[in-house]
Amino acid sequence: MSNESTTIVQKLWNFCNVLRDDGVSYGDYVEQLTYLLFLKLADEQTKPPLNKPSTIPTGLDWESLLKENGRQLEEQYTKILGELSNETGLLGVIFRKSQNRIQNPALLQRLIHLINDETWSGMTADIKGAIYEGLLQKNAEDTKSGAGQYFTPRPLIKAMVAVMRPSPMQTICDPACGTGGFFLAAYNYISENYNLTREQKAFLRFKTFAGTDIVDNVVRLCVMNLYLHGIGGTESPVTTDDSLRGATKDRYDMVLTNPPFGNRSSITIATDGSKQNNTSSTYEREDFWATTSNKQFNFLQHIKTILKTDGRAAVVLPDNVLFERGAGETIRQQLLKQFDVHTLLRLPTGIFYAQGVKANVLFFEKRPAREEPWTRKLWIYDLRTNKRFTLKTNPLQDSDLQDFTDAYTPDNREARIETERFRAFSYDELIEREHANLDIFWLKEDSLEDAADLPTPDVLVAEITENLEAALAQFQSIQAELDNKSK
């Protein structure tokens with residue numbers, strides 16, 4: 001991040017501390033900034049040298065806020081949010097279900113003037129985007145807000161995109177898009193590595209990306225993040241929806257995603273799209289290999305559906321997807337057979353804002369139907385054993401993933417070489433493992449020299465909780481199997 005963007009982020013964030021004393025949370029602050037910043041940008045575009053027609057209805061614009069103060073300002077701001085929430089297109093997504101969270105008119109006016117003091121249209125998309133990304137990262141760092149679950153570490157995203165190598169005129173989907181990190185990394189990669197034609201630039205901006213998230217506010221943040229980076233037009237590339245709700249006819253060249261952690265969804269969706277109840281969490285979809293309440297398995301099955309033939313995917317998945325029995329075994333077997341599952345990156349702990357998460361990145365490609373299994377070798381890179389990371393004192397850096405990106409050899413996977421951390425396992429070896437278990441390690445952890453090297457208590461508790469939840473999920477899958485057999 002440049003010095004200019006860092007200074008503005010700090011200025012905006014310092015004011016957040018003032019609002020917190022008035023009861024405004026980090027998440028609410030970023031949300032209000034989004035509304036106001038969008039109004040300011042829309043206003044700047046109507047002025048020289050751009051002189052564009054206003055996208056904001058008369059009387060609901062930025063100038064109408066600058067004219068008011070006190071109680072009239074609060075009423076005008078509330079009116080703007082209420083009326084713009086009924087608009088269509090990009091406006092409707094940005095202001096969907098918007099509410100005024102700043103109840104002190106004096107503080108609201110100070111924030112408006114803070115934003116008004118900057119000329120945002122004069123900044124490059126890189127600077128505007130970096131400012132907003134900086135605010136999203138600061139919001140994610142506030143563990144109490146829970147925003148971190150939508151924020152994938154940027155070095156990991158960059159590494160995934162670097163080995164996937166998206167190219168011009170390809171379509172890219174993230175069915176759990178969060179704040180848009182994968183889209184931005186792919187956009188930057190394509191922009192920096194290709195000499196784009198006018199047609200390719202237009203396609204990259206308006207047609208490359210498609211995303212979904214189930215949380216309104218997260219979609220709002222994602223759309224604004226893309227907008228500030230120059231991605232998208234009057235229609236939003238991102239929608240609020242449950243990706244798992246039903247099969248879609250849309251197919252994509254690439255899927256890059258980090259589906260939400262946790263074992264369960266909150267509703268049951270049948271093939272007709274109806275909600276069955278609020279206690280179970282099964283998606284009855286004909287395109288799925290197996291019916292399960294495990295959210296990650298359902299996302300994995302959804303991804304295999306939305307890929308084009310020869311389409312490619314890189315998906316962050318928790319450890320339980322590698323070993324859970326029942327439906328999990330069926331899904332792994334079918335994925336290995338029908339897809340070319342070629343690479344697994346075992347991630348270290350301590351890199352996600354959700355503590356104690358044990359995750360991986362699975363890389364696979366969709367192939368035409370045939371009897372012979374498509375997976376020949378699964379290459380596993382162990383970035384976990386004897387690796388220690390924390391969010392603050394030792395965060396994951398780009399350099400920590402350099403060896404993996406070098407070993408991946410995207411141009412020719414046949415040229416891969418086994419190393420201490422990179423091993424290949426044949427299809428026969430994998431399918432013969434009990435329950436097609438892919439939870440494979442071969443390196444040994446070094447003995448801890450002293451207690452100071454132990455994880456903090458909250459990390460230990462989180463890991464124990466996750467292990468217990470995984471064990472419970474396995475018992476539930478066994479129970480479901482027994483129930484089915486007894487019918």
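**The largest cavity, helix α2 and Asp403**

The largest cavity in this model, which is a predicted one, is lined by Leu300, Val321, Leu322, Arg332, Leu335, Leu336, Val341, Leu362 and Leu438. If we sort that lining by class, we find 8 nonpolar residues, no polar ones and 1 charged residue, and since Arg counts as charged, the charged member of the list is Arg332.

As for which helices contribute, α13, covering residues 320-323, and α14, covering residues 327-338, each supply at least two residues of this lining, and α14 gives the most, with 3 residues. The volume of the largest cavity comes to about 50 Å³, and the count of cavities of 30 Å³ or more is 1.

Let me turn now to helix α2, which runs through residues 26-44 and so has 19 residues by the run assigned to it. From its first C-alpha to its last, α2 reaches 27 Å, which is close to the 27 Å expected at 1.5 Å a residue. This helix is also mostly covered, in that 18 of its 19 residues are buried.

Finally, I would like to look at a single residue, Asp403, whose place is in helix α15, made up of residues 402-408. Is Asp403 buried or exposed? With a relative accessible area of 45%, Asp403 is described as partly exposed, because that value lies between the 20% under which a residue is called buried and the 50% over which a residue is called exposed. Along the chain Asp403 and Phe422 are 19 residues apart, and in space their C-alpha atoms are separated by 9.8 Å.

Notes: Residues are numbered from 1 along each chain as its sequence is written. This is a predicted model: local features need pLDDT of at least 70, side-chain atom pairs count only at pLDDT 80 or more; totals for chains, interfaces and linings use all residues. Side-chain values use heavy atoms; hydrogens and water are left out. Helices (H or I, at least four residues) and strands (E, at least two) are DSSP runs, numbered from the N terminus. Buried means under 20% relative accessible area, exposed over 50%, partly exposed in between (1.4 Å probe, protein chains only). The expected span of a helix is 1.5 Å times one less than its number of residues. On a 1 Å grid over the protein atoms alone, a cavity is a set of points where a 1.4 Å probe fits but cannot get out, and a pocket is an open set with protein on both sides within 12 Å along at least five of seven lines; lining residues have an atom within 4 Å of a point. Grid points are joined across faces, edges and corners, and a volume is the space filled by probe spheres set on the points.
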